[in-house]
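Here's a quick tour of one chain, going from the overall fold down to a few side chains. Have the structure open as you read.

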Amino acid sequence: MIFAHKIKKKQALPCFQEDLSTELLALQSNMNEAYCRLNYTTDPVLIDSCIYEINAASLRYEYLLSKVKASR
C-alpha cells in the first residue's frame with residue numbers, strides 16, 4: 001500500500017520526557033529482578049525465560065534511552 005503523503009516524525013513533547021524517564025527507571029528495576037531470578041534459577045526452561053526477558057528489556061532500554069537523548 002502506497003501513501004500519497006509522507007509521514008512526519010513525531011517529536012516527544014516535554015510532558016512525555018518525564019514518562020520516558022519514569023519508564024526507564026522501572027525498566028532498570030525489572031532488569032535487576034530478572035538478573036536476580038537468573039542467579040537463583042536451576043531449571044533450564046526458566047533460565048531461558050530469564051535470558052529472553054533480559055534481552056528484551058535491554059533492547060527496550062536502549063530504545064527508550066535513545067528517545068530521551070534525541071528529545072534533549
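## Overall layout

In this predicted model, the chain's secondary structure amounts to 2 helices and 0 strands. Helix H1 covers 14-40 and helix H2 covers 44-71, and the loop between them is where you'll find Thr-41.

How much of the chain is buried? Of its 72 residues, 17% are buried. The accessible surface adds up to about 6,300 Å², and carbon and sulfur atoms account for 61% of that.

As for contacts, take the ones between residues at least 6 apart in sequence: 62% of these join residues at least 24 apart.

## The loop and Thr-41

Let's zoom in on the loop between H1 and H2, home of Thr-41. Is Thr-41 buried or exposed? Its relative accessible area is 19%, and the cut-off for buried is under 20%, so Thr-41 counts as buried.

What does Thr-41 touch? Setting aside neighbours within four places in sequence, Thr-41 is in contact with Leu-46, Ile-47 and Cys-50. There's also a polar atom of the Thr-41 side chain that sits 2.4 Å from the backbone oxygen of Arg-37.

## Salt bridges between the helices

How many salt bridges turn up in a search of the whole structure? The count is 2.

One of them pairs Arg-60 with Glu-23, with 2.1 Å between the closest N and O atoms. Arg-60 belongs to helix H2 and Glu-23 to helix H1, so this pair ties together parts that are 37 residues apart in sequence. Both ends have some access to the surface: Arg-60 is partly exposed at 39% relative accessibility, and Glu-23 is partly exposed at 31%.

Arg-37 shows up again here, this time through its side chain, which meets the side chain of Glu-53 in a salt bridge at 2.7 Å, N to O. With Arg-37 in helix H1 and Glu-53 in helix H2, the pair ties together parts that are 16 residues apart in sequence. Arg-37 is partly exposed, with a relative accessible area of 35%, and Glu-53 is partly exposed too, at 32% relative accessibility.

## Pulling it together

Arg-37 is a handy place to finish. Its backbone oxygen lies 2.4 Å from a polar side-chain atom of Thr-41, while its side chain forms a salt bridge with Glu-53. Thr-41 itself is buried, whereas Arg-37 is partly exposed.

Technical notes: Residues numbered from 1 in each chain as written. Predicted model: local features only at pLDDT ≥ 70, side-chain atom pairs only at ≥ 80, totals over all residues. Heavy atoms only, no water. Helix = DSSP H or I, 4+ residues; strand = E, 2+ residues; numbered from the N terminus. Buried < 20%, exposed > 50% of the residue type's maximum accessible area, 1.4 Å probe, protein only. Polar contact = N/O pair within 3.5 Å; in protein donor to acceptor, adjacent residues only side chain to side chain. Contact = heavy atoms within 4.5 Å. Areas by Shrake-Rupley, 256 points an atom, 1.4 Å probe, with all protein chains shown as cover. Salt bridge = Lys/Arg side-chain N within 4 Å of Asp/Glu carboxyl O.
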